[in-house]
Amino acid sequence: MPNPNTPSGVIEPQAPSPALADDNPFSSMMERFDEAAQILGLDPDMYVLLRRPDREFKFAIPVTDDNGEIQVFNGFRIRHNLSMGPCLGGLRLDDNVKRDELRALAAWTTWKCAALGVPFGGSMGGIDFDPRKHSPTVVEKVVRRYTAGLMDFLGPERDILAPDLHSHEQVMAWCLDTYSMHTRHTENAVVVGKPEGLGGTAGRHSAIGRGVRVLMEKHLADMGFTSKAEVVIQGAGIVASQVARQMIEYGHKVIAMGDISGGVHNAEGLDVEALLAHRKATGCVKGFTGGDVINDAQLLSLECDVLIPAAAANQINSRTAPNVNAKLMVEAANAPTSGRGDAILAERGIPVVPDLLGNAGGAIIAYFEWVQNRMGYKWPLSDVEDRLDRMVLEAYARARKAAGKHKVGLRLATCMLGVDRVSYFDSLRGIYG
């Protein structure tokens with residue numbers, strides 16, 4: 001597409017935005033945006049507008065550590081698009097935070113929310129800080145200083161903080177309190193993922209797992225599969241535990257789970273609660289005696305009805321995808337499949353419910369919490385679950401319809417839905433100036 005900054009008549013090739021390593025899942029995200037834009041015939045001006053963030057902010061976070069010494073960390077906030085409403089984005093605490101990843105995740109959240117019909121744009125933030133290496137006192141100082149440094153960015157009508165890597169309810173409570181101290185009133189709707197007593201919503205601790213399970217059952221039914229499923233889950237953390245509990249509650253069998261320490265397999269079905277209790281007590285799956293010990297490569301290659309990646313990014317890649325032995329894969333993690341891995345699965349005829357749909361419960365439950373905070377009225381769990389199921393299945397139906405119309409896979413179809421919706425309303429709003 002033409003670049004307005006190049007001389008007249010010169011066409012400059014457009015690289016994926018942002019340009020990252022070939023098998024990097026975040027690069028794959030933005031490559032899919034380029035592909036979606038091409039199929040949709042996106043206007044060149046709109047393409048240039050949507051492929052870059054609305055605003056980026058980097059700032060210093062100086063804190064005094066437990067030894068009385070000053071350490072300085074870097075805080076980041078990337079705001080991608082506000083056409084559909086305020087931005088929603090996580091706070092990531094990780095000493096390996098990369099700005100390119102934050103950019104891509106912010107954009108991906110924009111497309112996800114648009115595809116789901118959630119009235120948010122996408123943002124993403126982080127601190128190059130690993131809370132596991134510091135005392136709770138230092139963690140609190142860092143989180144509060146980060147929140148204070150973003151006072152001009154944040155707000156229930158501007159940018160809403162959500163949990164991400166190493167952010168939990170306590171972190172969200174510190175963010176809420178810091179923001180509220182500066183505004184001189186409690187502003188619940190500026191943060192989601194809070195404890196229920198501080199404006200959190202019922203259903204948050206099962207939302208992602210519930211969305212995964214509902215989509216899995218729907219896609220299996222569409223495939224003509226009517227039995228209860230044998231499921232392999234990669235991961236054993238917060239998301240994976242939600243998924244595992246949903247599977248057991250609804251009669252499916254979890255035959256394997258694993259984390260970075262190793263995995264465990266039991267063809268008769270794992271005792272999920274015992275495994276999760278063991279991991280809580282020891283910090284890992286390793287040592288659990290309820291099945292046979294396996295490594296991660298063996299876990300991903302197990303014969304099963306459904307494989308659910310619910311751990312880190314880039315797990316299903318050019319090395320592991322050829323060995324996947326599942327009838328269906330449902331992505332619960334963010335970007336667990338690289339571009340090359342996705343192509344291999346497609347060639348092998350293994351259908352994938354992509355992360356834009358698979359972990360949609362996270363964005364939807366955040367929206368529900370924000371709505372309840374602004375209403376000042378708490379919904380019962382039954383209402384939350386009914387509304388979440390409806391929104392997930394409606395988004396799935398739209399994506400299936402788009403996939404059929406454009407003759408593309410479900411992953412690209414979902415991205416196209418988001419890009420098309422955002423570009424349409426951006427065009428209606430026009431360019432100010």
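Here are a few notes on the strands, helices and two backbone details of this predicted model.

1. A good place to start is the open sheet, which is built from five strands with mixed pairing, in the order β1-β2-β4-β3-β5. The edges belong to β1 (55–64) and β5 (159–163), each of which has a single partner strand, so one side of each is left without a neighbour in the sheet. From one strand to the next, the twist averages 25°.

2. Within that sheet, take a look at β2 (residues 70–79) and β4 (residues 121–127): these strands run antiparallel and are joined by five bridges. If you want a residue pair to find on screen, arginine 79 stands opposite serine 123 in β4.

3. Helix α3 (residues 99–116) lies across β1, β2, β3 (87–93) and β4. Its direction is at about 155° to that of β4.

4. Next come the helices α7 (residues 238–249) and α8 (residues 272–282), which pack with their axes 10 Å apart and at an angle of about 160°. Angles over 145 degrees count as roughly antiparallel, and α7 and α8 are therefore roughly antiparallel to each other. Their crossing is left-handed.

5. Which residues of α7 and α8 meet? From α7 come Ser241, Ala244, Arg245 and Ile248, and from α8 come Val272, Glu273 and Leu276. By type, the residues of this contact divide into four nonpolar, one polar and two charged.

6. Further along the chain, β10 (residues 303–309) and β11 (residues 325–330) pair in the parallel sense over four bridges. Here cysteine 304 has alanine 326 in β11 as its bridge partner. Strand β11 also runs parallel to β12 (residues 352–353), to which two bridges join it. In that pairing, methionine 329 is matched with valine 352 of β12.

7. You may like to check alanine 335, which has a positive phi of about 50° although it is not a glycine. This alanine is found in the loop between β11 and α10 (339–347). Is alanine 335 buried or exposed? Buried means under 20% relative accessible area, so alanine 335, at 4% relative accessibility, counts as buried.

8. Lysine 407 is another residue with a positive phi, of about 55°, although it is not a glycine. The loop between α13 (381–406) and α14 (410–429) holds lysine 407. With the cut-off for exposed set at over 50%, lysine 407 counts as exposed because its relative accessibility is 70%.

Notes
Residues are numbered from 1 along each chain as its sequence is written. This is a predicted model: local features need pLDDT of at least 70, side-chain atom pairs count only at pLDDT 80 or more; totals for chains, interfaces and linings use all residues. Side-chain values use heavy atoms; hydrogens and water are left out. Axes are lines fitted to C-alpha atoms, for helices over the stretch in contact, and angles run from 0 to 180 degrees between N-to-C directions. Angles under 35 degrees count as roughly parallel, over 145 as roughly antiparallel, 65 to 115 as roughly perpendicular and the rest as oblique. A crossing is left-handed if the near helix is turned anticlockwise from the far one by less than a right angle, and right-handed if clockwise. Contact means heavy atoms within 4.5 Å. Ala, Val, Leu, Ile, Met, Phe, Trp, Tyr, Cys and Pro count as nonpolar, Asp, Glu, Lys and Arg as charged, and the others, Gly among them, as polar. Two strands pair if DSSP finds at least two bridges between them. Buried means under 20% relative accessible area, exposed over 50%, partly exposed in between (1.4 Å probe, protein chains only).
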